[in-house]
Amino acid sequence: MTQIDRIRNLSIIAHIDHGKSTLSDRILELTKAVDPRQMREQYLDSMDIERERGITIKAQNVRVGWKGYTLHLIDTPGHVDFGYEVSRSLAACEGVILLVDASQGIEAQTLANCYLALENNLEIVAALNKIDLPQAEPDKYAEEIENILGIPADSILRVSAKTGIGVDLLLDAVVDRIPHPVGKEDDPLRALIFDSYYDQYRGVISSIRVMDGSISSGERLRFMQAKAVHDAEEIGVKTPYPSPIDRLGPGEVGYLIASIKDVGEARSGETVTSQIDGATEALDGYRDPKPMVFCGLYPVDGDEFEDLRDALEKLKLNDASFTYEPETSGALGFGFRCGFLGLLHMEIVRERLEREFNLSLIATSPSVKYVIFMVGGGDTPTEIDNPSELPIASSIDRIEEPYLRISIITPSEYTGTVMDLCQSRRGEMKKMEYLSPERLELIYRVPLSEIVIDFFDQLKSRTKGYASLDYEADGYSASDLVKLDVMLNGEPVDAFSTIIHKAKAYDYGRKMTSKLRELIPRQLFDVPVQASVGGKIIARETIKARRKDVLAKCYGGDITRKRKLLEKQKEGKKRMKNIGRVEVPQEAFISALRLDD
Amino acid sequence: MEKLSGLYVHIPYCTSRCSYCAFAVVHNGYAGRHRYFDALKRELEGYLELQGGEFVGFETVSFGGGTPSLVEPELIAGLIDAAPLIDEAEISIEVNPESCDPQRLAELVAAGVTRASVGVQSFDDRVLKYFGRSHDAHGAKVAIEAVASSGFDSVSIDLVYGAPVESERSWDYTVDELIDLSDLLEHLSAYALQIEPRTKLHWMADPPTEEADLAGRYLRLDERLAEVGLKNYEISNWSRPGAESRHNSTYWNGGGYLGIGMSSHSFDGQTRWWNVANLAGYLACVEGSGRAVAGSERLTDSQIAIERIMLGLRTSRGLDTATVAVPGRFLDRELEDWFEISGDSARLTARGRLLADAIALRILQSVEEGRDKDETD
């Protein structure tokens, strides 16, 4: 057990590419935690996807020693989709290092996390990174940080995580400025789980911070929110190698293994106490993560449906925050409706399914959860996340959709184009504030459904990559929403049904019908492709019938050739879906669903 | 086993290759034609021996190519003599306009050839040039007149429509010219241009003619031909009553035929086999072993059924009505418009013929679904 006044618990808050992982690597080297011969880049990012994308998804924590002090570095997920997990990680700390790229300045998401740290009364140790770069402007950005956050510019450290310059001074500042944890060893145990992941050999491995009391190996534990009891099979610290120890005292950070098979039973925010003489009140701040973005996932090859189910089950063990349930689509066959914390989360889950489980998937357009108030239904709404479940228009009193409060920090020269973008996405401006003469922050209230489709890509391309985005949920509001159906030969194609704002239905309908006209091969008869809203056709295209499909010559040897072609086409037709008597190749659906790319 | 009622003889020589042609032809090596004809005879004799004494004779012989009219008529005559024939056998030959001098034609008639098919392709010089033909429209007309006055029982010509350089007017002009000459003709073949791999046209990659335009040209031709008494009896073939090509009908009715010469195909009702497709290889094989078979396939019953449907749709024979309809109702309602039904036979209309391949596919599917259903019942 470590003496409590010798402990410093901290996270590093930084924007993607501002050098958090590199700084972590330098700290591991400087504190001799990792043998230089075993050092590899981004040591703490263990998933392939994390290293490739340069982001942290699952937080890692590590214990290092510095001049007689024990530092617990608590890594935080680097993306807004995982905001809740960030808040749990911060709850395990007394301070943070705010790391800002000295050539770029502070970004929207970093700022949001800083406010979060301030709300939690954490000490902020600010540092400008990459001062070795020729384009670094540390003075300018130090002043900006002072303007925005009130941190005195002369207290801001200057480091280069890449070369190691100033990292020792930064660690000294951590020890000096960040307070040590408080907590009595004699109190009943309360430990906060701030991250869990599933290991196929050990079961769930949780990162914990002991707030009060102490936890011992072998102890019988009660998980207060999950209302479950497990034995502490092993506790330990990561240095960064897992090292079992007998006991963790107040203020200490370590890991817990308790023969748990499902991360859903050891979620971030869970309070762990002793089964005997335990605490009576759980720690504040726990909540169930709620999926915000939904889509259907279907195997390209219908035979892989069971494989997809297995893969989802396995992935769910490791990621309690996504949801799935079976659904059937006339166009795409059997699949699952899945819910995600956000768009990146959706992309990551999909990519992991394809990569780690070797599946080939079709994803329907992302949608959100709508709240439907029926005529005469009073105040009890129905929730739907699949457009095809929307009841007929005449039975609906109103539809509410989720909104976000988004914050965009952009160089001022792009203000016009960013405002255009937000307005075109039905955004309502709340605030515009200059952070410095060159940069400003814009706050909008925007429907989530307008963000889920390529908003981030648009923002990046309109601002040459300079703008940054942060968002938080901002309740539900009623909107003028309609269900748009796409019909082939008069029959709706469920995979293309969407809920959309009335003002945008016409454009979307035109785009979709013309795309399908191109993608669906001509048939023996004319096929109307229509978009309809509430039974009214708003766009129509026609796939003209074939006029000629016959081989001109069919003598001796041609007969074999022609028959073989027919046999092949006959096999090919088995892979087509029949909708409204129209034969549609699977590829047409896949391409049409890529419409918004 | 079907008896081999037809004999196809492949003559691979051409003076030059046309831009659309992917056939097995050679434009040098003509000097070796005597050796080639010796090989043809040897191959034929080998098959005749296998047939034993029961073989009564071929009902039809067809010389195709290449340009069969390029070789001396005596070579053709020699081969006809070597083939046992029934009385009233149909003996046809493909001729090109540039090799239609009256002397040569008379010799072919004397040798027993009953039917000549002239490779005209078009009456528009621009199209002929595009195809790389070595004759012009005037030469074609002269040739048709020469063939018609040579004493063949039946005269046919070949046309090709849909060249990228062919306009609607150009095609209508060709049809006008054809109608003017139609008194001289018993038969006509007209093919939509098909761009085959390994042809000059494929390499040129001109934008192809629209489906709808091709369909329009076909339908106009069909109408005009009907007015002068030439009736369609296969997708690309029209004739006066009784003047249908008996040889080609054997292909379409599933009959047996023997093909000799390089690249030719044979069929005995169950097995199809084909010869080596290059001249040197063909000669070496036949001279060594008497045969030059490069491959064969034995058709399963379901493959025979597929071919029967596919070929039936192409011809005026049509399908058994029961294949597509039960009394009062079509099995696949979408197909109803493309058929005309008379008694036991369901035939494609002119518009339906243009879609024969797509329709064949649908019928095969519905036949298969019906079978699957029977199995589960």
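Select Leu315(A) and display its surroundings: leaving aside neighbours within four places in sequence, this residue is in contact (heavy atoms within 4.5 Å) with Phe322(A), Val349(A), Arg352(A), Leu353(A) and Phe357(A). Leu315(A) sits in helix H7 (residues 305-318) of chain A; helices here are DSSP runs of H or I with at least four residues, strands are runs of E with at least two, and both are numbered from the N terminus. With a relative accessible area of 3%, Leu315(A) is buried, where buried means under 20%, exposed over 50% and partly exposed in between, for a 1.4 Å probe and protein chains only. Now draw a distance from Leu315(A) to Phe357(A): the C-alpha atoms are 9.7 Å apart, although 42 residues separate the pair in sequence.

The model is predicted, so local features need pLDDT of at least 70 and side-chain atom pairs count only at pLDDT 80 or more, while totals for chains, interfaces and linings use all residues. Residues are numbered from 1 along each chain as its sequence is written, chains are lettered from A and ligands numbered from 1 in the order in which they are written, and side-chain values use heavy atoms, with hydrogens and water left out.

**Chain A: two asparagines with positive phi**

From Phe357(A), move to Asn358(A), in the loop between helix H8 (343-356) and strand S20 (361-363) of chain A. Phi of Asn358(A) is near 55 degrees, a positive value in a residue other than glycine. The relative accessible area of Asn358(A) is 65%, and the residue is therefore classed as exposed.

Select Asn121(A) next. Its loop runs between helix H4 (108-119) and strand S5 (123-129) of chain A. Phi of Asn121(A) is likewise positive, near 55 degrees, and Asn121(A) counts as exposed at 69% relative accessibility.

**Chain A: helix H1**

Select residues 20-30 of chain A, which form helix H1; eight of the 11 residues are buried, so the helix is mostly covered. The buried positions are Lys20(A), Ser21(A), Leu23(A), Ser24(A), Asp25(A), Arg26(A), Ile27(A) and Leu28(A). To see what covers them, add elements of chain A including strand S1 (7-14), strand S2 (61-66), strand S3 (69-74), strand S4 (95-101) and helix H6 (167-177). After H1(A) comes Lys32(A), with a positive phi near 55 degrees.

**Cis peptide bonds in both chains**

Select Thr239(A) and Pro240(A): the peptide bond between them is cis, with omega near 5 degrees. Pro240(A) lies in the loop between strand S12 (234-238) and strand S13 (242-245) of chain A.

Turn to chain B and select Gly65(B) and Gly66(B), which are joined by a cis peptide bond with omega about 20 degrees. Gly66(B) is placed in the loop between strand S2 (58-65) and helix H2 (73-82) of chain B.

**Chain B: Asp222**

Stay in chain B and select Asp222(B), in helix H8 (residues 211-227). Asp222(B) counts as buried, at 17% relative accessibility. Beyond its neighbours within four places in sequence, Asp222(B) is in contact with Asn232(B), Trp238(B), Ala350(B) and Arg353(B).

**The whole chains**

Show chain A alone. Its secondary structure comes to 14 helices and 33 strands, and its C-alpha atoms fill a box of roughly 90 × 65 × 55 Å along the principal axes. The radius of gyration of chain A is 28 Å, which agrees with the value near 25 Å for a compact globule of 597 residues; this radius is taken over C-alpha atoms, and the globule rule is 2.2 Å times the number of residues to the power 0.38. Buried residues make up 57% of the 597 residues in chain A.

Show chain B alone. Chain B has 14 helices and 17 strands. Its radius of gyration is 21 Å, close to the 21 Å that the globule rule gives for 377 residues, so chain B is as compact as a globular protein of that length. The C-alpha atoms of chain B fill a box of roughly 65 × 55 × 40 Å along the principal axes, and 58% of its 377 residues count as buried.

Finally, colour by confidence. Chain B averages a pLDDT (the predictor's confidence in each residue, from 0 to 100) of 93, and 98% of its residues score at least 70. For the complex, the predictor gives an ipTM of 0.92 and a pTM of 0.71.
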